[in-house]
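Open the model in your viewer and keep the selection tool ready. We will go from stop to stop.

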Amino acid sequence: MATNASAYPTDVGADTPTVTEALAVAVAAAGLAPSFHHVPPWRWHMTGDGLDLHVEPSRLSDLTDPDARLAILSCGAALHHARVSLAAQGWRATVTRIPDSARPEHLARLQADGPAPTPIEALTVRRGQTIGVRHTDQRPLSGRRIGPDELTAIITAVHAEGSLLHVLYPDQVRHLAAVPSQPAWATVRDRDFGHDGEQHLSAGYDRSALFAILYDRGDQPLNWLRAGEALSAAWLTATEVGVSLLPLSATAEMVGTRQAIRTLLTRVGHPYLVLRLGTIDQDDAGQAHAPQQPIDRIFEVS
Ligand SMILES: Cc1cc2nc3c(=O)[nH]c(=O)nc-3n(C[C@H](O)[C@H](O)[C@H](O)COP(=O)(O)O)c2cc1C
């Protein structure tokens, strides 16, 4: 794993960055968060000792994401990345989600509360470094199935962020394959996941994949934001334990397919994303990171 340990202090003291430095690093870290269609739909505003996170209306897609569900999920992932970065730099922070119901585009306030009182735990520093390593990998899962400890770690990460994960049994995966899909998204090879009877589970393709549904009991912007934080937590955890996590949004984008997936959750939950989990043979060549958006598209200081 490529690391940059010098970017983060391991002890509180003279090395701890100032609040302005810490918040700027957190915004940059959030810029590495996963985003739907690779269009970061967030904008940060630094005011005082904190950051305000807004969803950017000009970057929403009426066609594929009419309720902004997946955009807000992406913003949640960015929020979690910023939280992780602040913690890794030795800063305590408080999050207020949807602070003003009259301004729903203002998704969160991330307030830096001060330097953490104790030396930063190695796991916290490592989590910050994992942000620079995580990336989307669409290659077929050619390696072994993920083990129970790895799955438990990922489920625990999702639960810690207040969302839920439903692991699909093989017969439920077959059920998903019958959920009708919609036109393909060109950048995503495995959008075929939801096509009628065409799911790529044949020999050699994703043979070792395990599928899970990221969901929650509510279907409001707050649930979507928290599910994005859970996606980020799950993905960073998966990266650390050597598991490939790929979100598949096609089956959750349309009302009809979402309702069909709900039957797999016995209608107690609202599905947001299908997650493909597994491992990739280490002999396969890796994928480069997708290019990130310029910082001035996502950040303002006042
Ligand atoms: C809400 C959400 C939905 C996504 N859906 C898909 C998907 O269906 N298929 C896919 O290959 N990647 C999907 N992604 C991953 C993005 O394409 C990816 O995060 C983006 O291109 C940036 O690349 P990176 O993750 O390597 O930084 C999704 C990401 C998010 C946050």
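Between which two strands does the loop that holds isoleucine 98 lie? Select that residue: its loop runs between β3 (91–97) and β4 (106–115). Keep in mind that this is a predicted model.

**Stop 1: two unusual backbone angles**

Stay on isoleucine 98. Its phi is positive, about 45°, although it is not a glycine. Most residues other than glycine have a negative phi. Is isoleucine 98 buried, exposed or partly exposed? It counts as partly exposed, because its relative accessible area is 24%, and partly exposed means between 20% and 50%.

Now select histidine 37. Look in the loop between α1 (19–30) and β1 (42–47). Histidine 37 is not a glycine, yet it has a positive phi of about 60°. Its relative accessible area is 25%, so histidine 37 is partly exposed.

**Stop 2: the whole protein**

Zoom out and colour by secondary structure. You should find eight helices and nine strands. The protein has 302 residues, and 53% of them count as buried. Show the surface next. About 13,400 Å² is exposed, with 56% of it supplied by carbon and sulfur atoms. Take the contacts in the protein with a separation of 6 or more: 76% of them come from residues 24 or more positions apart.

**Stop 3: the nonpolar cores**

Hide the surface. Select Trp44 and Leu214. Within the largest nonpolar core, which has 52 residues, these two touch the most other members. Which helix gives this core its largest share? Helix α2 (residues 69–88) does, with 10 residues. The core also draws at least three residues from each of domain 1 (5–133) and domain 2 (148–278).

Centre on leucine 214 and show its surroundings. Leaving aside neighbours within four places in sequence, its contacts include Leu73, Val158, Leu165, Ala230 and Tyr272. His270, Pro271 and Leu273 are also among them.

Then pick Ala209, Ile213, Leu248 and Ile280. They are included in a second, separate core of 15 residues.

**Stop 4: helix α3 and the loop after it**

Select helix α3 (residues 122–130). Which of its residues are buried? They are Val125, Gly128, Gln129 and Thr130. The buried residues of α3 pack against α2 and α6 (221–240).

Move on to aspartate 137, in the loop between α3 and α4 (148–160). Aspartate 137 counts as buried because its relative accessibility is 7%, and buried means under 20%. Show side chains here. A polar contact of 2.6 Å joins aspartate 137 to arginine 139, side chain to side chain. Next, add leucine 245. Along the chain, aspartate 137 and leucine 245 are 108 residues apart, but 7.8 Å separates their C-alpha atoms.

**Stop 5: the ligand**

Select the ligand and show the residues around it. How many residues surround the ligand? There are 20, and the closest are Arg134, Thr136, Gln138, Pro247 and Ser249. Strand β7 gives the largest share of this shell, three residues. Both α2 and β7 (244–248) supply at least two residues each.

Check three distances to ligand oxygen atoms:

- Threonine 136: an N or O atom of its side chain is 2.5 Å from an oxygen atom of the ligand.
- Glutamine 138: a polar side-chain atom lies 2.6 Å from a ligand oxygen atom.
- Serine 249: here a backbone N or O atom lies 2.9 Å from an oxygen atom of the ligand.

Finish with the ligand's surface. On its own, the ligand has 620 Å² of accessible area, and the protein covers 96% of that.

Notes: Residues are numbered from 1 along each chain as its sequence is written. This is a predicted model: local features need pLDDT of at least 70, side-chain atom pairs count only at pLDDT 80 or more; totals for chains, interfaces and linings use all residues. Side-chain values use heavy atoms; hydrogens and water are left out. A nonpolar core is a set of buried Ala, Val, Leu, Ile, Met, Phe, Trp, Tyr and Cys residues joined through side-chain atoms within 4.5 Å. Buried means under 20% relative accessible area, exposed over 50%, partly exposed in between (1.4 Å probe, protein chains only). Helices (H or I, at least four residues) and strands (E, at least two) are DSSP runs, numbered from the N terminus. Domain bounds come from an automatic or database domain assignment. Contact means heavy atoms within 4.5 Å. A residue is near a molecule or strand if one of its heavy atoms lies within 4 Å of it. A polar contact is a pair of N or O atoms within 3.5 Å; within protein, one must be able to donate a hydrogen and the other to accept it, and residues adjacent in sequence count only if both atoms are side-chain atoms. Accessible areas come from the Shrake-Rupley method with a 1.4 Å probe; for residues, only the protein chains shown count as cover.
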